[in-house]
Amino acid sequence: MCGGQQQVGEQELATKMLQIQSKRFYIDVKQNRRGRFMKVAEIGADGRRNQVFLALSTAAEFRDHLSLFSDFYANLGPPNPDTLPEDGKLKSETMVKDNRRYYLDLKENSRGRFLRVSQTIARGGPRCQIAIPAQGMIEFRDALQELLDEFGTDDGGYKGELPEGRHMRVENKNFYFDIGQNNRGIYMRISEVKTNFRTAITIPEKSWSRFRDIFADYVDKMKDGGEKGPSESNK
């Protein structure tokens, strides 16, 4: 499973349930202080749950891709193992939203044809994915359309362009500063990378000013201490 628990102040505005073959899909429109978004959850026959999150603008782009994938699927002939690509992919597309990247792959295996939707986050983080049976792509698109007709495609929240990532090297360490945005808001991820080692912290935007003030206070104190001569510091 990918995603997380419901956040404080998060509201559910609408939900739709689809039964496609042996799977159930729930498409929820949610809202928090940063705006509105969709959560798409897939419940398998064994009860296993997978989910991805979509900004409303991304959901609209996904809807359009579903139409194109459906047309492509409708024109496919019967399955032919001799002409199937080695990776099973029949058609692929990519969507990008802030720090998230979505891979759409129409695939074929021994169980049939399906659309795999994978969501990844820049510089690490879990990979989330759902799989929609190809026969259900039109039904899924229509459900998205109904929700978008009601709630629109405006994500709300931050409207500007997020700053580009920064990098600095100190001795044998590399530090990466990346600004991202998810359904909980804007954040900064600071990653420390060495050979065979990587760690990171994430700072919510609302804490940046306080984080800066504490850091600047330490810089000032160390600067003051460094300016003292040896004899003065030993008094």
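**Leu76, two sheets and a helix**

Visitor: What relative accessible area does Leu76 have?

Guide: The relative accessible area of Leu76 is 25% in this predicted model, and because the cut-off for buried is under 20% and that for exposed is over 50%, Leu76 counts as partly exposed.

Visitor: And where is Leu76 found?

Guide: Leu76 sits in the loop between helix 1 and strand 5.

Visitor: What is Leu76 in contact with, leaving aside its neighbours within four places in sequence?

Guide: With those neighbours left out, Leu76 makes contact with Leu90, Leu106 and Arg113. Leu90 is 14 residues from Leu76 along the chain, and the C-alpha atoms of the two are separated by 9.4 Å.

Visitor: Let me step back to the whole chain. How many helices and strands are there?

Guide: The chain has four helices and 12 strands. It contains 235 residues, of which 37% are buried, and its accessible surface comes to about 14,400 Å², with 47% of that belonging to carbon and sulfur atoms.

Visitor: What share of the contacts join residues at least 24 apart?

Guide: If one takes the contacts between residues at least 6 apart in sequence, 42% of them join residues at least 24 apart.

Visitor: Now strand 5. What is the strand order in its sheet?

Guide: That sheet is open and has four strands in the order 5-6-7-8, with antiparallel pairing. Its edge strands, each pairing on one side only, are strand 5 (89–97) and strand 8 (128–133). On average, neighbouring strands are turned by 15° against each other, direction ignored.

Visitor: How many bridges join strand 5 to strand 6?

Guide: Eight bridges join these two antiparallel strands, and Thr94 has Tyr103 in strand 6 as its bridge partner. The two strands form a hairpin with two residues between them, and Asp98 in that turn has a positive phi of about 50°.

Visitor: And at the other edge, what stands opposite Arg116?

Guide: Arg116 stands opposite Ala131 in strand 8. Strand 7 (residues 112–121) pairs with strand 8 in the antiparallel sense over six bridges. Helix 1 (residues 56–74) packs on this sheet and touches strand 5, strand 6 (100–109), strand 7 and strand 8, with its direction making about 170° with that of strand 5.

Visitor: What span should helix 1 have, at 1.5 Å a residue?

Guide: Its 19 residues should span 27 Å at that rise, since the expected span counts one less than the number of residues. The end C-alpha atoms of helix 1 are 27 Å apart, so the model agrees with the expectation.

Visitor: Which residues of helix 1 are buried?

Guide: Among them are Leu56, Ala59, Phe62, Arg63, Leu66 and Phe69. An α-helix has 3.6 residues a turn, so residues three or four places apart point the same way.

Visitor: Pick Phe62. What does it contact, leaving aside its neighbours within four places in sequence?

Guide: Beyond those neighbours, Phe62 is in contact with Leu54, Met95, Leu104, Leu115, Val117, Ile132, Phe140 and Leu144. Phe62 is also one of the residues with the most contacts inside the largest nonpolar core, alongside Ile27, Met38, Leu115, Ile132 and Phe140.

Visitor: How many residues does that core have, and which helix gives the largest share?

Guide: The core has 33 residues, and its largest share, seven residues, comes from helix 2 (residues 137–151).

Visitor: Other sheet, then. What is the order of strand 1 to strand 4?

Guide: They form an open antiparallel sheet in the order 1-2-3-4, whose edge strands are strand 1 (11–20) and strand 4 (49–55). Neighbouring strands here are turned by 20° against each other on average, direction ignored. Strand 2 (residues 23–32) and strand 3 (residues 35–43) pair over nine bridges in the antiparallel sense, and Tyr26 stands opposite Ala41 in strand 3.

Visitor: What does helix 2 touch on that sheet?

Guide: Helix 2 packs on the sheet by touching strand 1, strand 2 and strand 3, and its direction makes about 160° with that of strand 1. Helix 1 lies across strand 3 and strand 4, running at about 105° to strand 4.

Visitor: Last topic, backbone angles. What is phi of Gln21?

Guide: Phi of Gln21 is near 55°, a positive value in a residue other than glycine. Gln21 lies in the loop between strand 1 and strand 2 and is exposed, with a relative accessible area of 53%.

Visitor: And Glu171, buried or exposed?

Guide: Glu171 is exposed, at a relative accessible area of 71%. Its place is in the loop between strand 9 (166–170) and strand 10 (173–182), and Glu171 has a positive phi of about 55° although it is not a glycine.

Note on methods:
Residues numbered from 1 in each chain as written. Predicted model: local features only at pLDDT ≥ 70, side-chain atom pairs only at ≥ 80, totals over all residues. Heavy atoms only, no water. Buried < 20%, exposed > 50% of the residue type's maximum accessible area, 1.4 Å probe, protein only. Contact = heavy atoms within 4.5 Å. Areas by Shrake-Rupley, 256 points an atom, 1.4 Å probe, with all protein chains shown as cover. Pairing = 2+ DSSP bridges. Axes fitted to C-alpha atoms, helices over the stretch in contact; angles between N-to-C directions. Core = buried A, V, L, I, M, F, W, Y, C linked by side-chain atoms within 4.5 Å.
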